[in-house]
Amino acid sequence: MQEFWNFFNQKASSLLQRETSFRKMFEYLDQIQGSVIIVETGCVRNRDPWAMTGEGHSTLLFDHYINCRKDGSKAFTVDINPQAVEVCRSLVSSEVTVHEGDSVAYLNSLTKQLLGIGRHISLLYLDSYDVDYNYWYPSAAHHLKELTAAWRAIDSKTLVVVDDCPMSANLVAGADGQFQLDRFYKPIVGGKGRLVAEFAEEVEARMVFSHYQHAWNGFQG
Ligand SMILES: C[S@@+](CC[C@H](N)C(=O)[O-])C[C@H]1O[C@@H](n2cnc3c(N)ncnc32)[C@H](O)[C@@H]1O
């Protein structure tokens, strides 16, 4: 994978706001023997692929990664916005299937297809419904539905990553006016991943990393 890591270290890393967590995702995939299956919700939507827009560039990275593996690895992505789909299709190789439609419905049918050929998902990357951090519930619920729709194709090694979920905490001003963490409320995963994180904790999945993005494995078994 030297070719991929040269690209990542020399070109991508300086342009990525999520460099640390993407690095960890690809290091995780590197440990998997044989071809990998990457499934993403919410595709690249910026026509200028490496512009510093705050977007993740995820589909471009996944495309580059599977092509460098040269072992039949595949990526699948879905987006409800036809313009995003058109932009994404113009930027990625034929190794990436770009589907237009709702992510939950797509994951349900893709999961059946994958099980039909005896495959599980290696990396499930959830980054669709944009989050409003003040009213996080609709986005967080959508991402939990996505996890549910993909459930049958998740095994103990599947890395589930959710974007846009920084930790969320309550702050209280002390007598000196300085803010401190509210000691009765421990920081929790917020944003898009808030309900996935609650579920992960309840089923004793293992948190693999915690940055602006969060990742878990061990959902099954
Ligand atoms: C944050 S962007 C994805 C960015 C991309 N992953 C990247 O790193 O550049 C979110 C995308 O999710 C799409 N989206 C929102 N709701 C969706 C849904 N229900 N099903 C599929 N895609 C959805 C939006 O159209 C948008 O293009």
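**From a strand pair to the core and the ligand**

In this predicted model, a useful place to begin is Phe209, whose bridge partner in strand β11 is Ala215. This bridge belongs to a pairing between strand β10, which covers residues 206-210, and strand β11, which covers residues 214-217, and the two strands run antiparallel to each other over four bridges. Three residues lie between β10 and β11, and the two strands form a hairpin.

Ala215 also leads towards another part of the chain, since Val161 touches Ala215 as well as Gln213, and its further contacts, leaving aside residues up to four places away in sequence, are Met25, Leu123, Tyr125 and Leu126. Val161 is in turn one of the residues with the most contacts inside the largest nonpolar core, which has 50 residues, and Ile38, Leu123, Leu124 and Ala150 are named beside it. In soluble globular proteins, nonpolar side chains tend to be buried together.

A second residue to follow is Val78, which is found in strand β2, residues 74-79. Is Val78 buried or exposed? Val78 is buried, because 25 other C-beta atoms lie within 10 Å, and 20 or more are enough for a residue to count as buried. Beyond residues up to four places away in sequence, Val78 touches Thr41, His99, Gly101, Ser103 and Tyr106, while its C-alpha atom is separated by 9.9 Å from that of Cys88, ten residues apart along the chain.

Ser103, a contact of Val78, appears again at the ligand, where Ser103 is listed with Gly42, Gly56, Ser58 and Asn81 as the closest of the 20 surrounding residues. By class, this shell is made up of six nonpolar, eight polar and six charged residues.

How values were computed:
Residues are numbered from 1 along each chain as its sequence is written. This is a predicted model: local features need pLDDT of at least 70, side-chain atom pairs count only at pLDDT 80 or more; totals for chains, interfaces and linings use all residues. A residue is near a molecule or strand if its C-beta atom, placed from the backbone, lies within 6 Å of it. Ala, Val, Leu, Ile, Met, Phe, Trp, Tyr, Cys and Pro count as nonpolar, Asp, Glu, Lys and Arg as charged, and the others, Gly among them, as polar. Two strands pair if DSSP finds at least two bridges between them. A nonpolar core is a set of buried Ala, Val, Leu, Ile, Met, Phe, Trp, Tyr and Cys residues joined through C-beta atoms within 7 Å. A residue is buried if 20 or more other C-beta atoms lie within 10 Å of its own, exposed if 12 or fewer, and partly exposed in between; C-beta atoms are placed from the backbone. Two residues are in contact if their C-beta atoms, placed from the backbone, lie within 7 Å.
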